[in-house]
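Please work through the following exercises with the sequence and the model at hand. Each task is followed by a solution in steps.

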Amino acid sequence: MEKLEIKSNDNTWKGGFAKEITFIVTKDCQLACKYCYLVGKNSHERMPWDVAKRTIDYVLDNEHDENFNYESVVWDFIGGEPFLEIDLIDRICDYAKVEMFKRGHHWFNSYRFNFSTNGINYGSEKVQRFIEKNISHLSVCITIDGTERKHDLNRIYKGDGRGSYADVVRNIPLWLEQFPNAGTKVTISSADIPFIKESVLHLYGLGIHEVNINCVFEDVWQKDDDILFEDQLMQLADAIIDGGYYKEYACSFFTEGLGKPLDRKLRNQNWCGAGMMLAVDAEGNFYPCTRFAQYSLRSKKAWIIGNVRDGIDKNKLRPFLTLDRCTQSTQECIDCEVAEGCAWCQGENYDAADTPTIYQRSTAICKMHKARVRANNYYWNKLFRKLELEDAREEYEKTKPTLTTKSC
C-alpha cells in the first residue's frame, strides 16, 4: 500500500541517544534575527583555546561517570554564528579526534560534529576546507526560513537591517550537494504566519526534502494567530497531498501521533534534554543546555552547574534529572485531550516562571499547539483517504475483466 511511501521526519543521528557536548564558541553573529532567543549576543565573548581543551580533557577523563556513559557523542558548536570561529573549531575537532584515538575511547568509532549555521559564510575557503576534512562525521544545518519575503522579515543583518536571504540561498546548492539528506529549521513567529504555506513549498523547490519547523516558545502570540495558523497549515496540507509531496518531502508540522491524550507511560519523561546535555561558554562555565547561559535569558540569572576547573556539581545538576511532564505541568496540561506532542523549552520555562524554578511550565504556545493538532488531523485524514482510494483503484485494475471485441 502506498502509505509506506510517506517520508518521515525522523532523521536523528543514533536516534538521539548520544551525549551532546555544546561549545558556545562565540556570542557574535552577523544577523540580528527578530525572533532570536539569544538576547545577549555580543562580539567580545569568544572561547579561548584553553577552555575548549580543558572541556574535552574533562569529558574524556570521566568516560565512566554516569554523565558521560553513552555509546556515542555529538560535539556540538553554537554561537551566535559558530563558523565565525572556524579556526578555533578546526583546532577543537582535531584535538578531540586525536585524544579519542590516543585514549582508545569508544567514542572514536561513534562521534559527530554538529553545526547549526546561518549559512552566510558556508562557502568560504576555510569552512569548505574544514568540511572536506571532516565530512564523514559532520552534520550541518543551514537555517533558511522560506521565501525571500518570509526569510527577510526576521533574518536581517545587524546594523543596517538588510535581509540575508540572497547571501544564504546562494550556498544551498553546495550544502545539498555535500549533505543531500540535510534538513533545515524554520521558525514561526506572529508576523510571518501568513507565509507558512508558500515558504515550505519554496524550500521543497530548493531541493530541501526535510523541513523542521516550529513556533517560538516565547509569549509573542496575538489574538486570532491560532486561526490564521490553522488556515495556513490546512492550505499547506492540501498542497502537499494534492501535489504528492508526501512521498519524498517531509514537514514536521504534520506528525501522525500528534494530538492524542498523554500516554501514561510517558508521564515520567521530559520533553526537553536539558541536563542530559552539557554546554560550556567562553568563561569555562558549564550549563545544562545553552538556554541556561546568561545570553539566552531575559529575566533570570544563568543556571551554572559547574566549570572546567572543578567539574560538574551534581547537586546543581540533580533538579534537571528529576524533571518529567508531571513535575512541571498543570493538571490541565496533564489531562489535556491533545497533550501528545505539545512541546516546551526548559530554558523558556525557567525564564518565564514566576520564580527562579524549572518546575513551572510555560503555556504560551498552547493555542498554537491546538491549532496545529486540528490541521494535523485534517492532513492525515485526507492523506489516508487518498491512499485507500488509490489502493482500491489499484486492486480493481488488477482484477477487472478484460474487454475484448468479438470478430464478425
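**Exercise 1: Strand S1 and its partners**

Thr22 stands opposite Ala279 in S8. The model is predicted, local features need pLDDT of at least 70, side-chain atom pairs count only at pLDDT 80 or more, and totals for chains, interfaces and linings use all residues. Residues are numbered from 1 along each chain as its sequence is written, and side-chain values use heavy atoms, with hydrogens and water left out.

Task: determine which strands pair with S1 and in what sense.

Solution. Step 1: Helices (H or I, at least four residues) and strands (E, at least two) are DSSP runs, numbered from the N terminus. Step 2: two strands pair if DSSP finds at least two bridges between them. S1 and S8 (residues 278–280) pair in the parallel sense over 3 bridges. Step 3: S1 and S2 (residues 73–78) are also paired in the parallel sense, over 6 bridges, and Thr22 stands opposite Asp76 in S2. Step 4: in S1 (residues 19–24), 5 of the 6 residues are buried, that is, under 20% relative accessible area, where exposed is over 50% and partly exposed lies in between (1.4 Å probe, protein chains only).

**Exercise 2: Ala302**

Task: state where Ala302 lies and why Ala302 is classed as partly exposed.

Solution. Step 1: Ala302 belongs to the loop between strand S9 (285–287) and strand S10 (306–307). Step 2: Ala302 is partly exposed because its relative accessible area is 23%. Step 3: leaving aside neighbours within four places in sequence, Ala302 is in contact (heavy atoms within 4.5 Å) with Tyr287, Phe292, Ala293, Gln294 and Leu297.
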